[in-house]
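Trainee: I have a new model open and would like to learn how to read it. Could you take me through it one feature at a time?

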Amino acid sequence: MKKQPAVTEQTRANLRTAFWSLYREKPTSKITVREITDRAGYNRATFYLYYRDVYDLFEQIEQEILDDVGRLVDQGLMRQETLDFSQHMGLILQLAQRYDAYVPQLMGPHGDPSFSIRLKAILAPLLDRFILPAQGMPDEHKAILREFYLSGLLSAISTWASNPDSMPVGQLIALVVGAVMPASQR
């Protein structure tokens, strides 16, 4: 008997939600499959239909977010002639809002450090193409400047997303654009 796709997706979503509620309380290494399935209302066999272990579930959540950001960068932002920082920052923040339950945790002090590294690698081509000077700066200086921009951007998004009473997206974009972009490029 073949499973219905809607039921399969709902089961996966329920397991992810249960995992995430536990992850907010303790690190992945302390979460058991039993805790996830008890919280989600399933048995352990159901969990193993979808995931190898707790780490596989965690990695799939991270990868889904990174894949969405990668699609945004590759299929949208990199195809533009110029970087409209306000518009593009808005698209990135919309993704952050979509994953608002995950992003602050993943980028926070108890998150997975490799997540931020992988996210920076996805976003770096935008800086290389649109922000960093093409000529006249040694590569090691560009690397420092790239890290400065990426770390600042990710920290700003994390801080904004972790505040339940955060400012509206438009206000955050205006704040960041005003701080980062010279007046001649706004």
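Trainee: Let's begin with contacts along the chain. What share of the contacts with a separation of 6 or more comes from residues 24 or more positions apart?

Mentor: The idea is to ask how far apart in sequence the touching residues are. Here, residues 24 or more positions apart make up 63% of the contacts in the protein chain with a separation of 6 or more. Keep in mind that this is a predicted model.

Trainee: Then how confident is the prediction, by pLDDT?

Mentor: Look at the average, then at the individual elements. The protein chain has an average pLDDT of 81, and 80% of the residues score at least 70. Among the elements, helix α2 (residues 33–40) has the highest mean pLDDT, 97, while helix α5 (residues 85–98) has the lowest, 67.

Trainee: How many helices and strands are there?

Mentor: The protein chain has nine helices and zero strands. Read from the N terminus, the order of elements is α-α-α-α-α-α-α-α-α. As for burial, 41% of the 186 residues count as buried.

Trainee: How do I read the packing of two helices? At what angle do α1 and α4 cross?

Mentor: Take the axes and ask for a distance and an angle. The axes of helix α1 (residues 5–23) and helix α4 (residues 54–75) come within 11 Å, crossing at roughly 100°. The two helices are therefore roughly perpendicular to each other. On the α1 side, the residues that meet α4 are Arg12, Leu15, Arg16, Phe19, Trp20 and Tyr23. Their partners in α4 are Val54, Leu57, Phe58, Gln60, Ile61 and Glu64. Sorted by class, this contact holds eight nonpolar, one polar and three charged residues.

Trainee: And how does α4 pack with α7: at what angle, and how far apart are the axes?

Mentor: α4 and helix α7 (residues 113–131) pack at about 5°, their axes 10 Å apart. That angle is under 35 degrees, so α4 is roughly parallel to α7. From α4, the contact draws on Glu62, Gln63, Ile65, Leu66, Val69, Gly70 and Val73. α7 brings Phe115, Arg118, Leu119, Ile122, Leu123 and Leu126. By class, the contact of α4 with α7 has nine nonpolar, two polar and two charged residues.

Trainee: Why do residues three or four places apart in a helix point the same way?

Mentor: An α-helix has 3.6 residues a turn, so residues at that spacing share a direction. With that in mind, look at helix α8 (residues 139–162). Among the residues buried in α8 are Leu150, Leu153, Leu154, Ile157 and Ala161. The 24 residues of α8 reach 34 Å from first C-alpha to last, close to the 34 Å expected at 1.5 Å a residue.

Trainee: What about Ser155, which also sits in α8: how accessible is Ser155?

Mentor: Ser155 is partly exposed, with a relative accessible area of 43%. Sequence distance and spatial distance are separate things to check. Ser155 and Gly108 are 47 residues apart in sequence, and their C-alpha atoms are 8.8 Å apart in space.

Trainee: Is Asp68 in α4 buried or exposed?

Mentor: Asp68 has a relative accessible area of 13%. The cut-off for buried is under 20%, so Asp68 is buried. Leaving aside neighbours within four places in sequence, Asp68 contacts Leu95, Arg98 and Tyr99.

Trainee: One last residue: which residues does Glu35 touch, not counting those up to four places away in sequence?

Mentor: Glu35, in helix α2, touches Leu22, Lys26 and Lys30 on that count. Glu35 and Leu22 are 13 residues apart in sequence and 8.1 Å apart from C-alpha to C-alpha. With a relative accessible area of 26%, Glu35 is partly exposed.

Definitions and conventions:
Residues numbered from 1 in each chain as written. Predicted model: local features only at pLDDT ≥ 70, side-chain atom pairs only at ≥ 80, totals over all residues. Heavy atoms only, no water. Axes fitted to C-alpha atoms, helices over the stretch in contact; angles between N-to-C directions. Helix = DSSP H or I, 4+ residues; strand = E, 2+ residues; numbered from the N terminus. Parallel < 35°, antiparallel > 145°, perpendicular 65-115°, else oblique. Contact = heavy atoms within 4.5 Å. Nonpolar A, V, L, I, M, F, W, Y, C, P; charged D, E, K, R; others polar. pLDDT = per-residue confidence, 0-100. Expected span 1.5 Å × (residues − 1). Buried < 20%, exposed > 50% of the residue type's maximum accessible area, 1.4 Å probe, protein only.
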